[in-house]
Amino acid sequence: GGALDNLADGLDAGELEAPDVIYCALGTAGTAAGLALGLGMAGVKAEIRAVATVERWFATRATMRRVIAGAAAWLRAQGIAADVAQANPVILVHRQLGRGYGIPTAQSIAAIEVMRSEGVPGEPVYTGKAFAALLADAARHKAGQRVLFWNTLRRGPLPHDENWRDK
């Protein structure tokens, strides 16, 4: 199974407590939409904080609603009762984008160094920006609040080419 299955298994086995807040990177909105709808359908009430790695004009509430609605429609077509009303709230976080898509920030680079010091792989464009948001918000979380970082890195750290836009 996938990462959401692994989370569900850990919750079912009592190895994990349900998170109150989940931080994830926001590119095409699929991960945040899947977490919001899937966890909501499972009865796990968690706020999703989707950290924009793309420009503000793309990372909008309308885009998020459209992707959640698309996921719910696809599930219904597969015979699974799904409704957008079941989705958990998604908070869009734009403050970590920096100069734009594909451009690391000082905060995202520092965040992946923290991740790597704990043995967690990361890269500065997606996971670094999402983890930087979590670190920036750490003092604001209530005592006892369970915060989960959803690492979307599927393979080892990606190389970063400073001239990727020119290519």
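Which residues have the most contacts inside the largest nonpolar core? In this predicted model, they are Leu26, Ile48, Met64 and Val90, within a core of 22 residues. Two strands and a helix in the first part of the chain, E1 (21–26), E2 (47–52) and H2 (30–41), each supply at least two residues of this core, and so do helix H3 (61–77) and strand E3 (90–93). Helix H2 gives the largest share, five residues. Apart from this core lies another of 14 residues, including Ala25, Val51, Ala132 and Ala133.

**Overall organisation**

The protein contains five helices and four strands. Read from the N terminus, the elements follow the order α-β-α-β-α-β-α-α-β. The protein has 167 residues, and 41% of them count as buried. Among contacts with a separation of 6 or more, 77% are between residues 24 or more positions apart. The accessible surface comes to about 9,300 Å², and carbon and sulfur atoms account for 55% of that surface.

**Two residues and their surroundings**

Leucine 26 illustrates the packing within the largest core, being one of the residues with the most contacts there. Neighbours within four places in sequence set aside, leucine 26 is in contact with Ala50, Val51, Ala52, Thr53, Val54, Ala59, Met64 and Leu92.

Alanine 130 belongs to helix H5. With a relative accessible area of 1%, alanine 130 is buried, because buried means under 20%. When residues up to four places away in sequence are not counted, alanine 130 touches Tyr23, Cys24, Ala25, Val51 and Phe149. Of these, Ala25 and Val51 are members of the 14-residue core. The C-alpha atoms of alanine 130 and cysteine 24 are separated by 5.6 Å, although the two residues are 106 residues apart along the chain.

**Helix H4**

Helix H4 covers residues 106–117, twelve in number. From its first C-alpha to its last, H4 reaches 17 Å, close to the 16 Å expected at 1.5 Å a residue. Where do the buried residues of H4 lie around the axis? These residues are Ser108, Ala111, Ile112 and Met115. They cover an arc of only 95° around the axis, and therefore lie on the same side of H4. Their packing partners are helix H5 (127–137) and strand E4 (147–149). On the face of H4 turned away from the buried side are the exposed residues Ala106 and Ser117. Just after H4, glycine 119 takes a positive phi of about 80°.

**Salt bridges**

Side chains of opposite charge can pair when their charged atoms come close. The structure holds seven salt bridges. Three of them are set out below, with the distance between nitrogen and oxygen atoms.

| Salt bridge | N to O distance |
|---|---|
| Glutamate 17 – arginine 146 | 3.4 Å |
| Arginine 146 – aspartate 20 | 3.6 Å |
| Glutamate 47 – arginine 49 | 2.4 Å |

Arginine 146 takes part in a salt bridge with glutamate 17 and in another with aspartate 20. The pair of glutamate 17 and arginine 146 links distant parts of the chain, 129 residues apart: glutamate 17 is in the loop between helix H1 (3–12) and E1, and arginine 146 is in the loop between H5 and E4. The salt bridge of arginine 146 with aspartate 20 likewise links distant parts of the chain, 126 residues apart, with aspartate 20 in the loop between H1 and E1.

The residues of these pairs can also be described by their accessibility. Glutamate 17 is exposed, with a relative accessible area of 60%. Arginine 146 counts as partly exposed at 32% relative accessibility, and aspartate 20 is partly exposed, with a relative accessible area of 26%.

Is arginine 49, the partner of glutamate 47, buried or exposed? Arginine 49 is buried, with a relative accessible area of 17%, whereas glutamate 47 counts as partly exposed at 23% relative accessibility. The 20% limit for buried residues falls between these two values, so the two partners are classed differently. Both residues also belong to a network of salt bridges that links Glu47, Arg49, Arg95, Asp137 and Arg140.

Notes
Residues numbered from 1 in each chain as written. Predicted model: local features only at pLDDT ≥ 70, side-chain atom pairs only at ≥ 80, totals over all residues. Heavy atoms only, no water. Core = buried A, V, L, I, M, F, W, Y, C linked by side-chain atoms within 4.5 Å. Buried < 20%, exposed > 50% of the residue type's maximum accessible area, 1.4 Å probe, protein only. Contact = heavy atoms within 4.5 Å. Expected span 1.5 Å × (residues − 1). Arc of directions from axis to C-beta. Salt bridge = Lys/Arg side-chain N within 4 Å of Asp/Glu carboxyl O. Areas by Shrake-Rupley, 256 points an atom, 1.4 Å probe, with all protein chains shown as cover.
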